[in-house]
Amino acid sequence: MLDQKIPATVITGFLGSGKTTMIRNLLENANGKRIALIINEFGDLGVDGNLLKGCGIEACRDEDMIELNNGCICCTVADDFIPTMTKLLDRPDRFDHIVIETSGLALPQPLVAAFNWPEIKTQVTVDGVVTVIDAAAVSEGRFADDHDKLDAQRVQDESLDHDSPLEELFEDQIRAADLIVLNKTDLISGAQLDAVKSDVQSRSVRALNMVPASFGKLSNQLLLGLGVGTEEDIANRRSHHEMEHEAGEEHDHDEFESFVVGLGPVAEPKSFVEKLKSVIADHDVLRLKGFVDVPGKPMRLVVQAVGSRIEHYFDRSWNPGEERQTRLVVIGLHDIDTAAISSAMNAAAA
Ligand SMILES: Nc1nc2c(ncn2[C@@H]2O[C@H](COP(=O)(O)OP(=O)(O)OP(=O)(O)O)[C@@H](O)[C@H]2O)c(=O)[nH]1
C-alpha cells in the first residue's frame, strides 16, 4: 500500500561483531522481498560492500546497495545519510524494507534521530535497531575496562572525563537497541552466555530483548518485524556523549584510528596469516580486514581478523580487468603505531 511507511532496520554493533554476516543471511532469506541496503564502514576500504556485491544472492542487487564511506554515518547524517535516503525514496520503484548497516564505531542515536527529519518521517519509520554483540569478546572481557587503570590515567590527564571509548561505545550501542543479538555463541559455553547476558543487561536501565545466535542466523520475521517505530523513542535512549555534552559539542571518532596497508602479492598465505596474528597481538589491533593477491590463484583471498581471532578464505575469482592487489584495513585505538604495523605487515608478506 502506497500510504504505508517503509520500515527501516538499523543494524549496529561493535567492529567485527558479525553485522555483515547477519545481513548476508538475511538477504539469502529475503523470499522475494525487495530490500535496499545502506552500508557504512569506518576506513577507506569498502570491504563489507565488496563482500556482499556480486555474492550471487538473488536479493542482493548491486543497484539496491549503497555504500557510505565518508566517515561514520552518525557524524555525516546531514551531508550523507539524509541525501542518500531522499534519493532512494525518489526512485520510481518502491522497496519493501530498508536495511542500514552502521560502521562498528557508530553511535546509533543520531542516525535514528534523523528519521524525525520531515522529508524522511513522512515516508519511512524505524522498524527497530538491532545491535549485534560479539558474545565471545564480551566473555573475554574486551569491553570491561580496568577501572583502576583508567582512574590512574585520569590523575595524569584531567581531560579524560569518561570511560574508555570501547566501553562507552559498547554501552551506547546497547542502549539504542530494540533487539540485541548475542552472536558468536558457537565460541562460548552456556554458562558463559548466561554471564554475558547479565553483563549486557547491567548496562541498560530498560529490560533488554536479547536473542543468542551463531553467524547471525535468525529469521527475517524476527529481525525485520520488530514494528517499534524507534524514532519516536530515541530521546529516551541517550548516548554517553549526549549526556556528557548537553551543550552540543560535536561527537567524533578521534579515539580510533584506521588506515589501509597496501602490500605486494603474498605467495604463502598460511604463513602470512600466522604472522599477522603476532602483529595484531603486539599492537593491540582491534580489526583487520581486506583482500590478498595470491600469485597463481585465480581467486582472491579474504582476510578477516577480530582481535586475535583471524579467518582467511578464497571468496571469488578476480574479475576480468580488476586489478589484483593486496589491501588491508587496520583499525585500532588512536595511539596505535601505524608505521610499525605497516612495516611488520610488509615483513609478514615478504
Ligand atoms: N565463530 C564465529 N565467527 C563469526 C560469527 N559471526 C561472524 N563471524 C566472523 O567474524 C568476522 C567479522 O564478521 P563481520 O560479519 O564481517 O562483522 P561486522 O560486524 O560486519 O564487521 P565490521 O563491519 O568491520 O564492524 C568474520 O570473520 C566472520 O566470519 C559467529 O557467529 N561465530
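The following exercises, with worked solutions, concern backbone geometry and salt bridges in a predicted model.

**Exercise 1.** Determine where Asn-31 and Lys-184 lie, and whether each is buried or exposed.

*Solution.*
Step 1. Asn-31 is not a glycine, yet its phi is positive, at about 55 degrees. Lys-184, likewise not a glycine, has a positive phi of about 65 degrees.
Step 2. Asn-31 belongs to the loop between α1 (19-28) and β2 (35-40). Lys-184 sits in the loop between β6 (179-183) and α9 (190-201).
Step 3. The relative accessible area of Asn-31 is 79%, so Asn-31 is exposed, the cut-off being over 50%. For Lys-184 the value is 16%, so this residue is buried, as buried means under 20%.

**Exercise 2.** Identify the parts of the chain linked by the salt bridge between Lys-289 and Asp-48, and classify the accessibility of both residues.

*Solution.*
Step 1. The closest N and O atoms of Lys-289 and Asp-48 are 2.9 Å apart, which satisfies the criterion of within 4 Å.
Step 2. Lys-289 lies in strand β9 (residues 287-292) and Asp-48 in helix α2 (residues 47-52), so the pair links distant parts of the chain, 241 residues apart.
Step 3. Lys-289 has 6% relative accessibility and is therefore buried; Asp-48, at 6%, is buried as well.

**Exercise 3.** Classify the accessibility of each partner in the salt bridge between Asp-64 and Arg-91.

*Solution.*
Step 1. The side chains of Asp-64 and Arg-91 meet at 3.4 Å, N to O.
Step 2. Asp-64, at 3% relative accessibility, is buried, whereas Arg-91, at 26%, is partly exposed.

Note on methods:
Residues are numbered from 1 along each chain as its sequence is written. This is a predicted model: local features need pLDDT of at least 70, side-chain atom pairs count only at pLDDT 80 or more; totals for chains, interfaces and linings use all residues. Side-chain values use heavy atoms; hydrogens and water are left out. Helices (H or I, at least four residues) and strands (E, at least two) are DSSP runs, numbered from the N terminus. Buried means under 20% relative accessible area, exposed over 50%, partly exposed in between (1.4 Å probe, protein chains only).
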